Amino acid sequence: MLKRIMSKDSQMRAAINQKLIEMGERERLKELLRAKLVECGWKDQLKAHCKDVIREKGLEHVTVEDLVTEVTPKGRALVPDSVKKELLQRIRAFLAQHATL
Amino acid sequence: MKMEEVSVSSLDNSKLEALAQDILSDLVEDACLGLCFEVHRAVKQGYFFLDDTDQESMRDFEIVDQPGLDVFGQVYNQWKNKECVCPNCSRSIAASRFAPHLEKCLGMGRNSSRIANRRIVTGNNTNNKSESDQEDNDDVNDNDWSYGAEKKGDALVVLACVKFQCD
């Protein structure tokens, strides 16, 4: 019984995500987030952090994995609350409109 | 209650909220990854450190953050209290009043013809003492906002004089 409910749940999530992509909303949200993050200086902050990582690992030897492991956790933490709020508002609005099967 | 139908009403708010948070999380991760790829490419193509110069030069052009100075380190209200000599009347005028004064003094600009007309109208009805006062009136007239009041008053004086003469 529980299994069936769970799969319905994840089914619904998958359906929502698909709708998000199909309607172009995910792309718009991505662009909005990117613009906001540049505006608030997040990108510059992280770029500065990247410089430190690169100097540490050496310019020749740094890999994508190095950057991802160093940058992603800090990146997540540095997103300002106002930006999160705004994005969440838009996502909730989308869900309210389209989260039905 | 049908178990086959799944709709928003059967999902409580906490689930929707969790979903929203997950979507946000995915988007943030995308942004981070995007940055990583961008940086990595810049590193491998050799243009990542292009905008850096040596420490010394960077210090030379640092943004200045002192009171009374702009970001380049220049004094920005340095001309506020300076005085300029008018080439026409050879008077010493404050820098911020200089342009309007020059307008009146040279007889160019939008308002100077208006003043001249007004003076012609009122100059005939007042005694000659006002002629010598006209240069000093320049500064009084510099404030454009008092224009309306002065004009009306002068017009009333003209009307009164005309009426007086007709009686």
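Reader: Among contacts in chain A between residues at least 6 apart in sequence, what share join residues at least 24 apart?

Author: This is a predicted model. Take the contacts in chain A between residues at least 6 apart in sequence. The share of them that joins residues at least 24 apart is 76%.

Reader: What pattern does chain A follow along the sequence?

Author: Chain A has zero strands. Its helices number five. Read along the sequence, the pattern is α-α-α-α-α.

Reader: How many of the residues of chain A, in percent, count as buried?

Author: Chain A has 101 residues. A residue counts as buried when its relative accessible area is under 20%. In chain A the buried share is 32%.

Reader: What part of the area that chain A exposes do carbon and sulfur atoms supply?

Author: Chain A exposes about 6400 Å². Of that area, carbon and sulfur atoms supply 54%.

Reader: Which helices of chain A does the pair Glu86(A) and Lys36(A) tie together?

Author: The two side chains meet in a salt bridge, 3.3 Å from N to O. Glu86(A) itself is partly exposed, at 31% relative accessible area. Glu86(A) and Lys36(A) sit in separate helices, so the bridge ties together parts that are 50 residues apart in sequence. The helices are H5 (residues 81-98) and H2 (residues 25-39).

Reader: How much area do chain B and chain A bury between them?

Author: The contact takes 37 residues from chain B and 44 residues from chain A. Carbon and sulfur atoms carry 73% of the buried area. The area buried between the two chains is about 3700 Å².

Reader: How many salt bridges are counted between chain B and chain A?

Author: Side chains of opposite charge can pair when their charged atoms come close. Over all chains, the count of salt bridges comes to nine. Between chain B and chain A, the count is five.

Reader: How many residues of the side of chain B that touches chain A are nonpolar?

Author: Between chain B and chain A, eight residue pairs are in polar contact. The touching side of chain B has four polar residues and 11 charged ones. Its nonpolar residues number 22.

Reader: Which residue of chain A forms a salt bridge with Glu38(B)?

Author: The closest N and O atoms of this pair are 3.1 Å apart. The pair crosses between chains, from helix H1 (residues 13-45) of chain B to helix H3 (residues 42-57) of chain A. Glu38(B) is partly exposed at 39% relative accessibility, and its partner is partly exposed at 24%. That partner is Lys43(A).

Reader: In which helix of chain A does Arg76(A) lie, as the partner of Glu29(B)?

Author: Glu29(B) and Arg76(A) meet in a salt bridge of 2.6 Å, N to O. The pair crosses between chains, starting from helix H1 of chain B. Glu29(B) is partly exposed at 32%, and Arg76(A) is partly exposed at 31%. Arg76(A) lies in helix H4 (residues 64-78).

Reader: Which residues do salt bridges that share partners join into one network?

Author: Here the salt bridges have partners in common. They join three residues of chain A into one network: Glu25(A), Arg28(A) and Arg90(A).

Reader: How far apart are the closest N and O atoms of Asp22(B) and Arg13(A)?

Author: Asp22(B) forms a salt bridge with Arg13(A). The rule asks for a nitrogen within 4 Å of a carboxyl oxygen. For Asp22(B) and Arg13(A), the closest N and O atoms are apart by 2.8 Å.

Conventions: Residues numbered from 1 in each chain as written. Chains lettered and ligands numbered in written order. Predicted model: local features only at pLDDT ≥ 70, side-chain atom pairs only at ≥ 80, totals over all residues. Heavy atoms only, no water. Helix = DSSP H or I, 4+ residues; strand = E, 2+ residues; numbered from the N terminus. Buried < 20%, exposed > 50% of the residue type's maximum accessible area, 1.4 Å probe, protein only. Contact = heavy atoms within 4.5 Å. Buried area = accessible area lost by both parts, 1.4 Å probe. Polar contact = N/O pair within 3.5 Å; in protein donor to acceptor, adjacent residues only side chain to side chain. Nonpolar A, V, L, I, M, F, W, Y, C, P; charged D, E, K, R; others polar. Areas by Shrake-Rupley, 256 points an atom, 1.4 Å probe, with all protein chains shown as cover.
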